[in-house]
Amino acid sequence: MLPSDSTKKLSFTRCIKDGDLVVVYERHNVMKAVKVCETAVLQNRFGVFKHSDWIGNPFGSKVFSNKGGFVYLLAPTPELWTLVLSHRTQILYIADISFLIMYMEIVPGCLVLESGTGSGSLTTSLARAVAPTGRVHTFDFHEQRAASAREDFEKTGVSNLITVGVRDIQGEGFPVEFSGLVDSVFLDLPQPWLAIPSAAKMLKPDGILCSFSPCIEQVQQSSEMLRSKFTDIRTFEVLLRSYEVREVKNFLVDEIGSPKFPPRKRRQCSREESNAQGSSSSSTIMARPCGEARGHTGYLTFARLKCLF
Ligand SMILES: C[S@@+](CC[C@H](N)C(=O)[O-])C[C@H]1O[C@@H](n2cnc3c(N)ncnc32)[C@H](O)[C@@H]1O
């Protein structure tokens, strides 16, 4: 997960070993996590891939099946892990995660508290952000979810940066041992306002809290609770739009002469259609927003603990 070689130094040329987790990548929306086992094979629509052929190759390698088909073997970075992990709960995705890590000022060495752990999607990114000297303490009241998250953190190589606790954070708050020591607290709970008084006690002066909630009513209730001890209370909804950019040959143009984006499947265009709409034999690079854009996920509410001197 975190790029390191056998001497534990940061390295971006680490090679795949027996027992490693790799992300087998077919295309951006078809990939899966596979544990490398010298005697195992992976079978998919491209043929049979022997794991033994993968060992010793650097992450990022293109590997071939018995039929000449290929896949890429990628390192299970937090970004890719978020796309392949088993969903035991709703999870946070890259747009929210990247925004909140920046806005919460999470950097190497930070001490971060999180609840609930859920599927560990966010926790994995938090761990990489605080590495190598920081730590994430994450809590979930659901024992099985906590246990599965621990297993996942082992698999992805971040377990040395994370402690998973089983605790009802809305009912009991965070453990008092963290009082006044924590740089940031993240909440993804159904009633975050119940955990806010405890979060305030955990934070260092000027520390940052962030709460993720799918509904605006939760945001309103949390913001009300934040007002007494926090300042700079701000709520965001992060909407991501991705684009399809590709070369198109023999494209059609519309009435005003702009190129029209053809469907992805190559389609023969009839002569009448060409004449009616105009055509060109040249190629062009076309770009348009993808139809599959993810819509509303939730609201991120940030607040900074007041310094009372
Ligand atoms: C939506 S999931 C969190 C997903 C996580 N942010 C991720 O990216 O994978 C919410 C989690 O909060 C946990 N939870 C709910 N109420 C809780 C409470 N009172 N104390 C601790 N955890 C709680 C649930 O068990 C669930 O696993």
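Reader: How much of the chain counts as buried?
Author: Of its 309 residues, 31% are buried, a term for residues with 20 or more other C-beta atoms within 10 Å of their own (exposed is 12 or fewer, partly exposed is in between, and C-beta atoms are placed from the backbone). Keep in mind this is a predicted model, where local features need pLDDT of at least 70, side-chain atom pairs count only at pLDDT 80 or more, and totals for chains, interfaces and linings use all residues. Residues are numbered from 1 along each chain as its sequence is written.

Reader: Ok, and how many helices and strands are there?
Author: The chain has nine helices and 17 strands, taken as DSSP runs (helices are H or I with at least four residues, strands are E with at least two, numbered from the N terminus).

Reader: Let's switch to serine 119. Where is it?
Author: Serine 119 sits in the loop between strand E7 (111–115) and helix H4 (121–130).

Reader: Why does serine 119 count as buried?
Author: Because 22 other C-beta atoms lie within 10 Å of serine 119.

Reader: What about aspartate 188, which loop is that in?
Author: Aspartate 188 is in the loop between strand E10 (182–187) and helix H7 (196–202). Aspartate 188 is buried too, because it has 24 C-beta neighbours inside 10 Å.

Reader: And which residues is aspartate 188 in contact with?
Author: Leaving aside neighbours within four places in sequence, they are Leu92, Gly116, Gly118 and Phe212. Contact means that the C-beta atoms, placed from the backbone, lie within 7 Å.

Notes
Contact = placed C-beta atoms within 7 Å.
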